[in-house]
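Please open the structure in your viewer and keep the sequence panel beside it. The tour proceeds by selection, with a short account of what is found at each stop.

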Amino acid sequence: MDIVAHTLWAAAGAAVVHRRRPLSRGTVAATLVLAALPDVIHLLPLAGWWLLGDGSMAALRAYAVAVPGQEPVLPPLVGLLSHHLHCVMHSAPIAGLVTFALWALRRTLWIPLLGWWSHIVIDVFTHSADYYPVPVLYPFTQRGFDGIAWITPWFMVLNYAALAAVGLWLLRSRKRLNSG
């Protein structure tokens, strides 16, 4: 799924949770950041290559919007680091370890992690085998589930229509909650 939709779905989820349990602005902001982060962090090696090496902003931009097989040529180390950061940030076992470690330290669930988890779960089903399959079981395997490619036009329309419907529902039900 695209980064904007990930963030909007996380915002909708935070709005629903906030109705049951007040969330601070910082918690909501951290949740939205963690919902977007998996699609941003793997760009760091490319940004480093651009800032410290022979890379360019054009190559970074081309990589960020490339379809499979049309990515720009990258130095092997940059490509390897970017690939493994993508795998790490889309891995349920790694997210599980982070969740468990924070649970052990805090003795409660750190709510912003739900943004990361929502990103992983959504991406498993919205990436196809041909369009960046999500390695949800990395590091045990780099294989991904063959879902619907989020970039498919009818799916994008359906996704944003669903987001609009959820947004309208949240607005309407908030008015009822406030007046009741």
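The stops below begin with the whole chain and then turn to individual places within it.

**The whole chain**

Begin with the entire chain in a cartoon representation, and bear in mind that this is a predicted model. The chain has eight helices and zero strands. Read from the N terminus, its elements therefore appear as α-α-α-α-α-α-α-α. Along the principal axes, the C-alpha atoms fill a box of roughly 60 × 45 × 30 Å. Of the 180 residues in the chain, 35% are buried.

**The start of helix 1**

Next, select residues 3-20, which constitute helix 1. Show the side chain of Ile3, a residue of this helix. Is Ile3 buried, exposed or partly exposed? Ile3 counts as partly exposed because its relative accessible area is 33%, a value between the limits of 20% and 50%.

Now add Val4, Leu8 and Val40 to the selection and display the surface. Together with Ile3, these residues form a nonpolar patch on the surface. The accessible area of the four taken together is about 290 Å².

Keep Ile3 in view and select Asp39 as well. The two residues are 36 residues apart in sequence, yet their C-alpha atoms are 6.6 Å apart in space.

**From helix 1 to helix 8**

Select Ala5 and Leu163. How far apart are Leu163 and Ala5 in sequence and in space? They are separated by 158 residues in sequence and by 7.9 Å in space, C-alpha to C-alpha. Leu163 belongs to helix 8, whose residues are 153-179. With a relative accessible area of 10%, Leu163 is buried, since the limit for that class is under 20%.

**The largest pocket**

Hide the surface of the patch and move to the largest pocket, which holds about 680 Å³ of space. Of the 24 residues that line this pocket, select His42, Tyr63, Ala64, His86 and Tyr132, which are the closest to its centre.

Then colour the helices that contribute to the lining. Helix 4 (57-64) and helix 5 (76-89) each supply at least two residues. Which helix gives the largest share of the lining? Helix 5 does, with four residues. Colouring the lining by class gives 14 nonpolar, six polar and four charged residues.

**Tyr132 and the loop between helix 7 and helix 8**

Remain with Tyr132, one of the residues closest to the centre of the largest pocket. Tyr132 is situated in the loop between helix 7 and helix 8. Its phi is near 50 degrees, a positive value in a residue other than glycine. Tyr132 is partly exposed, with a relative accessible area of 27%.

In the loop between helix 7 and helix 8, select His127 next. His127 counts as buried because its relative accessibility is 5%, which falls under the 20% limit. Add Ile151 to the selection: the C-alpha atoms of His127 and Ile151 are 8.6 Å apart in space, and the two residues are 24 residues apart in sequence.

Pro139 is also found in the loop between helix 7 (113-125) and helix 8. Show the backbone atoms of Tyr138 and Pro139. Is the peptide bond from Tyr138 to Pro139 cis or trans? The bond is cis, with omega near 15 degrees.

**Arg107**

For the last stop, select Arg107 in the loop between helix 6 (92-106) and helix 7. The phi of Arg107 is near 65 degrees, again a positive value in a residue other than glycine. Arg107 is exposed because its relative accessible area is 67%, and the limit for that class is over 50%.

How values were computed. Residues are numbered from 1 along each chain as its sequence is written. This is a predicted model: local features need pLDDT of at least 70, side-chain atom pairs count only at pLDDT 80 or more; totals for chains, interfaces and linings use all residues. Side-chain values use heavy atoms; hydrogens and water are left out. Patches are made of residues with over 30% relative accessible area and no salt bridge: like charges are joined within 9 Å, nonpolar side chains (Val, Leu, Ile, Met, Phe, Trp, Tyr) within 5 Å. Accessible areas come from the Shrake-Rupley method with a 1.4 Å probe; for residues, only the protein chains shown count as cover. A salt bridge is a side-chain nitrogen of Lys or Arg within 4 Å of a carboxyl oxygen of Asp or Glu. Buried means under 20% relative accessible area, exposed over 50%, partly exposed in between (1.4 Å probe, protein chains only). On a 1 Å grid over the protein atoms alone, a cavity is a set of points where a 1.4 Å probe fits but cannot get out, and a pocket is an open set with protein on both sides within 12 Å along at least five of seven lines; lining residues have an atom within 4 Å of a point. Grid points are joined across faces, edges and corners, and a volume is the space filled by probe spheres set on the points. Ala, Val, Leu, Ile, Met, Phe, Trp, Tyr, Cys and Pro count as nonpolar, Asp, Glu, Lys and Arg as charged, and the others, Gly among them, as polar.
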